[in-house]
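Trainee: Could you take me through a close look at a single part of this structure, slowly enough for someone in a first year of study? I would like to see how the residues there relate to the records and to the rest of the model.

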Amino acid sequence: MVNMRKIAVIGCGFVGSSCAFTLMQSNLFSEMVLIDVDKDRAEGEAMDMSHGLPFETPMKIYAGEYEDIADCAIVIITAGANQKPDETRLDLVAKNVGIYKHIIPELVRVGCEGILLIVSNPVDILTYTALKLSGFPENRVIGSGTVLDTARLKYLLGEHLKIDNRGVHAFIIGEHGDSELAAFSSANVSGINLNKFCEMRGYYNHEESMQRIYEDVRDSAYKIIEKKHATYYGVAMAVRRICESIVRNEHSILPISSLTHGEYGLEDVCLSLPAIVSANGVEKIVPISLNDDELKKLKDSAAALKKVLDDVLA
Ligand SMILES: NC(=O)c1ccc[n+]([C@@H]2O[C@H](COP(=O)([O-])OP(=O)(O)OC[C@H]3O[C@@H](n4cnc5c(N)ncnc54)[C@H](O)[C@@H]3O)[C@@H](O)[C@H]2O)c1
């Protein structure tokens, strides 16, 4: 029986510890298990965070074993090497698939019944890998996908238009990586078509500005890694948002990575499309309208991922 107030984080590096830290402040959970091959690391993080508990609502945070996570509602996996400067997310494939071949069978062994939330990169490839290695139902295997990239897009559009970014409705879809695309044709600000809204704010070079903003989103991780060697706060907030939708059964529409079944002609590949996320995990992909150019880019993105999957599975 799953305990909806219990969560696990596997991998307690920059990303895992940042996720744990935002989650301990979220009020969503009463128990959090931390696991890392480096046990001292997990123990140190658990101690450090526990010392902040007098300022938060009560919960248990501890370094545990796989046996401790069998009843967790959500298991977040951030274990794995991170991107080095000049390394693409896809370069990480071999290293991180190897790590997943160790972790996922452990989850199966202990009879984990929760939702797997994959965060390690390349996230789409690892979501597919986790799905296949675990044999879990598809609704229970989710990748954080382009939830972070979409937040970056909203932030940059908000800055560009000098408005609260929460009024911006736009998605980055496809691979969480170099082949991702911005679905600008359906983007709007509080129901007003994005280009029309830009004109209202005195901007007319739509194509040029949107291309620049898209490239800024796509290349954000590279720029941050160049400056501070890793990215972790943004993704931790994205993870918290996904967990919130699951634990509170919100049915929020989030661009998470999940297995496709013919949507836009895509089959048997995990990538990000807006989807309804609830206590059951991913419920349904939402078919937003795409123009021909976006559709082609989405198909190219899926093809790039499939090529990697073919190599990984070979
Ligand atoms: N999806 C996203 O939006 C997003 C954003 C940023 C980073 N990431 C990815 O998150 C991953 C982690 O990045 P990081 O900066 O935290 O790296 P990190 O090196 O700081 O941490 C990785 C942690 O994983 C642990 N680990 C390795 N093998 C393990 C195993 N078999 N079992 C348990 N733990 C294991 C390591 O000991 C380490 O503590 C990377 O793959 C990175 O690319 C994803």
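Mentor: In this predicted model, T150 has its place in helix 5, which runs over residues 147-161. Its relative accessibility is 4%, and because buried means under 20% relative accessible area, T150 counts as buried. Leaving out residues up to four places away in sequence, T150 touches A170, F171, I172 and P255. R152 is found in helix 5 as well, and with a relative accessibility of 12% R152 also counts as buried.

Both residues appear in a record: an unreviewed UniProt entry gives the annotation "binding site" to Q83, R89, N121, P122, V123, D124, D149, T150, A151, R152 and T231. From this set, the lining of the largest pocket takes in Q83, R89, N121, R152 and T231.

A second "binding site" feature, likewise from an unreviewed UniProt entry, is placed at V15, D36, R41, Y66, G80, A81, V119, S120, N121 and S144. These residues are spread over 130 residues of sequence, and they are also spread in space, with up to 23.5 Å between C-alpha atoms. Of these residues, the lining of the largest pocket includes V15, D36, Y66, G80, A81, V119, S120, N121 and S144.

Let us follow two members of that second set along the chain. V15 lies in helix 1, residues 14-24, and once its neighbours within four places in sequence are left aside, V15 is in contact with T78, V119, T231, Y232 and V235. Two of these partners can be found again in the records, since V119 is listed in the second set and T231 in the one that holds T150. R41, for its part, lies in helix 2, residues 39-50, and with a relative accessible area of 34% R41 is partly exposed. Not counting residues up to four places away in sequence, R41 touches C12, G13, F14, S17 and D36, and D36 is itself listed in the second set.

Now turn to the ligand, which is surrounded by 26 residues, the closest being V15, D36, A81, N82 and V119. Some of its contacts go to the protein backbone: a backbone N or O atom of V119 lies 2.9 Å from a nitrogen atom of the ligand, and a backbone N or O atom of N121 lies 3.0 Å from an oxygen atom of the ligand. For G80, a polar backbone atom is 3.4 Å from an oxygen atom of the ligand. Taken alone, the ligand exposes 870 Å², and the protein buries 87% of that area.

Elsewhere in the model, S179 is found in the loop between strand 8 (172-173) and strand 9 (181-182). The side chains of S179 and S301 are joined by a polar contact of 2.7 Å, and beyond residues up to four places away in sequence, S179 touches K297, S301 and A304.

Finally, consider E283, which is found in strand 16, residues 281-285, and which counts as partly exposed at 38% relative accessibility. Not counting residues up to four places away in sequence, E283 touches H251, I276 and S278. Measuring from C-alpha to C-alpha, E283 and A79 are 26 Å apart in space, while in sequence they are 204 residues apart.

Terms used: Residues numbered from 1 in each chain as written. Predicted model: local features only at pLDDT ≥ 70, side-chain atom pairs only at ≥ 80, totals over all residues. Heavy atoms only, no water. UniProt positions renumbered as here; feature names shortened; annotations may be inferred. 1 Å grid on protein atoms, 1.4 Å probe; cavity = no way out; pocket = protein on both sides within 12 Å on 5 of 7 lines; lining within 4 Å. Helix = DSSP H or I, 4+ residues; strand = E, 2+ residues; numbered from the N terminus. Contact = heavy atoms within 4.5 Å. Buried < 20%, exposed > 50% of the residue type's maximum accessible area, 1.4 Å probe, protein only. Near = heavy atom within 4 Å. Polar contact = N/O pair within 3.5 Å; in protein donor to acceptor, adjacent residues only side chain to side chain. Areas by Shrake-Rupley, 256 points an atom, 1.4 Å probe, with all protein chains shown as cover.
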